[in-house]
Amino acid sequence: MTATLDLTATQIKHALGIIAACKARKLPHDQRKRLADIALETALTESGLRMYANVNNPESLRLAHDAVGSDHGSVGLFQQQVGGAVNSTADWGTTAELMDPEVSTKKFLNALLRLDWIPMTNWAAAQAVQHSAFSDGSNYRSNDSHAIAIRKRLWGSADPAPHSVHPATRVHVVVPGDTLFSIARAWGTSLQAVEAANPLAGHPAGNFDNIRPGDRIVHP
């Protein structure tokens, strides 16, 4: 699969997170697939499906990342700008949110769905959300076919379950891009408290830097 799609295992993990967020939308099946095509095309163009931290954002450097950039206050797969961060000129959300594949995709989709996107081409829809310096959309257009190929290959493997904390049980099911730090931040508690409540978390147990999708993290 990796060779056919020309993606690493990490890029595939990020693509699955993007597709899962698109599958979770309450829209007709064909529209959800098109959302995935557009979102994947955007992430391929903006980051190469790599999770970017930003050299000017110390918090981003503490979260799991694949590369480090310096463009404005941009982080994550979609290069969205962190509100209030150094050099940011927009506010897409917090650092932890924008470095989470599913949450950042939801924010991208929220912006896309406010537009009359259905009659647009995929690249035009991406440009309408991102406002790239390439006004003709040529940067996105070059990834049209690759994004569709990725979606076709991975669609059946992506879990459409929402990325959320389940308040009844106070258990969080890990999704691609999660770290214990980002989970602790979402709960408003400390990393140390989450680690203490989950001594067997990680692979092997106790290796808190290596949690995996599907792991269950208990609220302290």
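Three salt bridges turn up when the whole of this predicted model is searched. One of them joins Arg-151 to Asp-37, with 2.8 Å between the closest N and O atoms. Arg-151 belongs to helix H9 (residues 144–154) and Asp-37 to helix H3, so this pair links parts of the chain that lie 114 residues apart in sequence.

Helix H3 also invites a look at its packing. Two packed helices are described by the angle between their axes and the distance between the axes. For H3 (residues 29–47) and H7 (residues 122–130), the axes come within 9 Å and cross at roughly 65 degrees. The crossing of H3 past H7 is right-handed. On the H3 side, the contact is built from Arg-34, Asp-37, Ile-38, Glu-41, Thr-42 and Glu-46, while H7 contributes Asn-122, Trp-123, Ala-125, Ala-126 and Gln-130. By character, the residues of this contact split into four nonpolar, three polar and four charged. Asp-37 thus deserves a second glance: this residue of H3 takes part in the contact with H7 and also forms the salt bridge with Arg-151.

Attention can now turn to the surface, where Val-55, Leu-61 and Val-68 form a nonpolar patch. Together, these three residues have about 240 Å² of accessible area. Within the patch, Val-55 sits in the loop that runs between strand E1 (52–54) and helix H4 (58–62).

Two details of the backbone round out the picture, and both are found in loops. His-72 has a phi near 45 degrees, a positive value in a residue other than glycine. The loop that holds His-72 lies between strand E2 (67–69) and strand E3 (74–75). Further along the chain, the peptide bond from His-203 to Pro-204 is cis, its omega being near 0 degrees. Pro-204 is placed in the loop between helix H11 (191–197) and strand E7 (216–218).

Key
Residues numbered from 1 in each chain as written. Predicted model: local features only at pLDDT ≥ 70, side-chain atom pairs only at ≥ 80, totals over all residues. Heavy atoms only, no water. Axes fitted to C-alpha atoms, helices over the stretch in contact; angles between N-to-C directions. Helix = DSSP H or I, 4+ residues; strand = E, 2+ residues; numbered from the N terminus. Left-handed = near helix turned anticlockwise from the far one by under 90°. Contact = heavy atoms within 4.5 Å. Nonpolar A, V, L, I, M, F, W, Y, C, P; charged D, E, K, R; others polar. Patch = residues over 30% accessible without salt bridge, like charges linked within 9 Å, V, L, I, M, F, W, Y side chains within 5 Å. Areas by Shrake-Rupley, 256 points an atom, 1.4 Å probe, with all protein chains shown as cover. Salt bridge = Lys/Arg side-chain N within 4 Å of Asp/Glu carboxyl O.
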